[in-house]
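Reader: I'm new to this one and would like to go through it slowly. Could you show it to me before we start?

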Amino acid sequence: MRILLIDDSTTMRRIQKTQINGLGITDVIEAGDGEEGLKKLEQSMPIDLIMLDWNMPVMDGLTFLKKVRTMDAYKDVKIIMCTSESEKTRVVEALKAGANNYLVKPFTPEALKEKLGI
Ligand SMILES: [Mg+2]
C-alpha cells in the first residue's frame, strides 16, 4: 500500500508517518500543500490512499480534493480528510466533494487502522 500524506505541518506529517509506519506501511510520500500534492500524485502513481489536511497554504485540502475528483486517472484513489476538532462540522462538505472518509486529529493508531481498513 502506498500512501500520499499531504499536510503543511512537518510535525504533523512526522507524527502521522510514524503511525503509518507502525502499521507496517513504509511506502509513504509527503507533500506540504495541495499543489505539491498534485505533482507528487502525478509522479507517484499507483497511490492507494491520500491522507489530506484541510488548512494549507497555496492550495487547501478541499480545493485539492475537488480537483482530484474531476480527474479520471485518480478515481480509485481513496482520500481520507484529516481535520482538526474545529473543522469537524465541515466534514459533510468534504464527503460530498468526494472524500471517502475522515479522521479527527490527533488520532490514535487504532483509529487510523480502522479507517485504513487494515
Ligand atoms: Mg494544516
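Author: One definition will help us first: axes are lines fitted to C-alpha atoms, for helices over the stretch in contact, and angles run from 0 to 180 degrees between N-to-C directions. Please also keep in mind that this is a predicted model.

Reader: Okay, so at what angle do H2 and H3 pack?

Author: Helix H2, which covers residues 34–44, packs with helix H3, residues 61–68, at an angle of about 35°, and their axes are 9 Å apart. The crossing of these two helices, H2 and H3, is right-handed.

Reader: And which residues make the contact?

Author: From H2 the contact takes Gly 34, Gly 37 and Leu 38, while H3 brings Gly 61, Thr 63, Phe 64 and Lys 67. Sorted by class, the contact of H2 with H3 has two nonpolar residues, four polar ones and one charged.

Reader: Switching to the sheet, what's the strand order?

Author: The sheet is open and has five strands in the order E2-E1-E3-E4-E5, with parallel pairing. Its edge strands are E2 (27–31) and E5 (101–104), each of which pairs on one side only. On average, neighbouring strands of this sheet are turned by 20° against each other, direction ignored.

Reader: How many bridges do E3 and E4 pair over?

Author: Strand E3 (residues 49–53) and strand E4 (residues 78–83) pair in the parallel sense over five bridges, and Ile 50 stands opposite Ile 79 in E4.

Reader: Back to helices, then: which strands does H1 touch?

Author: Helix H1 (residues 10–22) packs on the sheet and touches E1 (2–6), E2 and E3, with its direction at about 160° to that of E1. Helix H3, for its part, lies across E1, E3 and E4 and runs at about 150° to E3.

Terms used
Residues are numbered from 1 along each chain as its sequence is written. This is a predicted model: local features need pLDDT of at least 70, side-chain atom pairs count only at pLDDT 80 or more; totals for chains, interfaces and linings use all residues. Helices (H or I, at least four residues) and strands (E, at least two) are DSSP runs, numbered from the N terminus. A crossing is left-handed if the near helix is turned anticlockwise from the far one by less than a right angle, and right-handed if clockwise. Two residues are in contact if their C-beta atoms, placed from the backbone, lie within 7 Å. Ala, Val, Leu, Ile, Met, Phe, Trp, Tyr, Cys and Pro count as nonpolar, Asp, Glu, Lys and Arg as charged, and the others, Gly among them, as polar. Two strands pair if DSSP finds at least two bridges between them.
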